[in-house]
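Subject: Structure handover

Hello,

I am passing on the structure we spoke about, together with notes on what turned up in it. Please open it alongside this message.

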Amino acid sequence: MKSRERAFAGATLIAAAALLAACGSSGSTTSSSSAGGGTPVKGGTLMAGIVDNPDHLDSGLSYTNEGWEILEATNNGLLTFKKAAGAVGAQLVPDLATSMPTVTDHGLTYTFHVRPGVMFSPPVSRQVQPSDIKYSIERLFRVASQGVGFYQGIQGTTQFSGSLKGGISGIVADDAARTITFHLTAPDGTFLEYMAMPFAFAMPKGTPSRDISTVSAWRVATGPYMVSQYVPKDHITIVRNPNFHSWSPDVPNGYLDRIQVQIGVTPEQAVNEVANGQLDFYFEQVAPDRLTELKARYPSQVHQYTRNNITFFTLNMRKPPMNNVLVR
């Protein structure tokens, strides 16, 4: 698929898999105009646009599609979701773990073996250890992450969140054995999904307990790409991680050399720039009426992604009128 065709796919509907596809799945491509059919072409720069800054480029703090799309291309956790379209993309597979965990103690204990040889990007440039993963989850509490609720079922989090000292007792990391074990307070059928979320991505021990989105010394990657520059309100530059090597089909090498993200691109501007060949990928969706026009004018260039998403809201059942079961 030519880069301009690929770009309209990004301009119509954003999805967490979309940027990953551009970075390294079987449907990926580059900004090179020589790319034809569905054959990926190695090298080149993908020109992307985004309306505003992503919320964070810190995996402990980011909680939006735009931030997660970038972090999924740069960082890794013990588990990940299979890089595939459709329902298969909801399947959990090992990532930094060598296999799915051993579950014991009637569903209260999960033991992972951490894959050797996975390196942090420069300037850290050392192997990822189980204790890095323990530190990363404890850091969520230190930075008051919105993600802490997903991990409060781990033993010791209540005590740790109160003092922020001594670590979480229910997470036991053994660097020599390359294992990390999680002890839960109660069985939780969603725990493995939580371990695949960006909140649980590995960060080096010692990462400061503050937003490191713009701090290049600590904005460290494990995946095929790394953020080399982030200037808020201006641009994000994503380049190859020189320390990366693929360890699984679900952690692909990627094809692009660079992704240049321009910040401040409006949906209307994005459509025009894609049509003019200036832009290859857009992080947001365009207006429905404009989408109809684009489909009519560029039928071979408009592609929509189906986004896996659950949206919900809750009602306070302790306050009137919702405290009345007949009302509910």
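Below are the notes, starting with overall figures and moving on to sheets, cores and salt bridges.

Overall

Please keep in mind that this is a predicted model. The mean pLDDT of the protein chain is 86, and 85% of the residues score at least 70. Residues 1–37 stay under 50 in pLDDT, although the model has 119 contacts for them beyond four places in sequence. Where pLDDT is low, the predicted coordinates should not be read in detail.

The protein chain contains eight helices and eleven strands. It has 328 residues, of which 50% count as buried. Among its contacts between residues at least 6 apart in sequence, 63% join residues at least 24 apart.

The sheets

One open sheet has five strands in the order β8-β9-β10-β1-β11, with mixed pairing. Its edges are β8 (225–231) and β11 (281–282); each has a single partner strand, so one side of each is left without a neighbour in the sheet. Helix α3 packs on this sheet and touches β1, β8 and β9, its direction making about 140° with that of β8. Between β8 and β9 the pairing is antiparallel and runs over six bridges. In that part of the sheet, M226 stands opposite V239 in β9.

Another open sheet has four strands, ordered β4-β5-β7-β6, and its pairing is antiparallel. Here the edge strands are β4 (102–104) and β6 (171–174), each of which pairs on one side only. From one strand to the next, the twist averages 15°. β5 and β7 are antiparallel partners over five bridges, and H113 stands opposite T179 in β7. Helix α4 packs on the sheet, where it touches β6 and β7; the direction of α4 makes about 155° with that of β6.

The nonpolar cores

In soluble globular proteins, nonpolar side chains tend to be buried together. The largest nonpolar core in this model has 40 residues, and those touching the most other members are L78, F112, Y151, F182 and M195. At least two residues of this core come from each of α3 (65–74), β5 (109–113), α4 (130–142), β7 (179–183) and α6 (191–195).

Which residues does F182 touch, not counting residues up to four places away in sequence? They are L78, L108, T109, Y110, F112, I137, I154, G170, I171, F191 and M195.

There is also a second, separate core of 16 residues, with L46, Y225, Y230 and F283 among them.

The salt bridges

Side chains of opposite charge can pair when their charged atoms come close. The count of salt bridges is nine. I describe some of them here.

D58 and R139 meet through their side chains at 2.7 Å, N to O. This salt bridge links distant parts of the chain: D58 is in the loop between β1 (45–50) and α3, R139 is in helix α4, and the two are 81 residues apart. D58 has 0% relative accessibility and so counts as buried. R139 is buried too, with a relative accessible area of 1%.

The side chains of D250 and K82 also form a salt bridge, at 3.8 Å, N to O. D250 lies in the loop between β9 (235–240) and β10 (258–263), and K82 in the loop between β2 (79–81) and β3 (92–94), so this pair ties together parts that are 168 residues apart in sequence. Are D250 and K82 buried or partly exposed? D250 is buried, with a relative accessible area of 9%, while K82 is partly exposed at 28%.

K134 and E138 form a salt bridge within helix α4, with 2.9 Å from N to O. These residues are four apart in the helix, so about one helical turn separates them. K134 and E138 are both buried.

Finally, salt bridges link E268, R290, E293 and R297 in a network.

Regards

Methods:
Residues numbered from 1 in each chain as written. Predicted model: local features only at pLDDT ≥ 70, side-chain atom pairs only at ≥ 80, totals over all residues. Heavy atoms only, no water. Core = buried A, V, L, I, M, F, W, Y, C linked by side-chain atoms within 4.5 Å. Buried < 20%, exposed > 50% of the residue type's maximum accessible area, 1.4 Å probe, protein only. Contact = heavy atoms within 4.5 Å. Salt bridge = Lys/Arg side-chain N within 4 Å of Asp/Glu carboxyl O. Pairing = 2+ DSSP bridges. Axes fitted to C-alpha atoms, helices over the stretch in contact; angles between N-to-C directions. pLDDT = per-residue confidence, 0-100.
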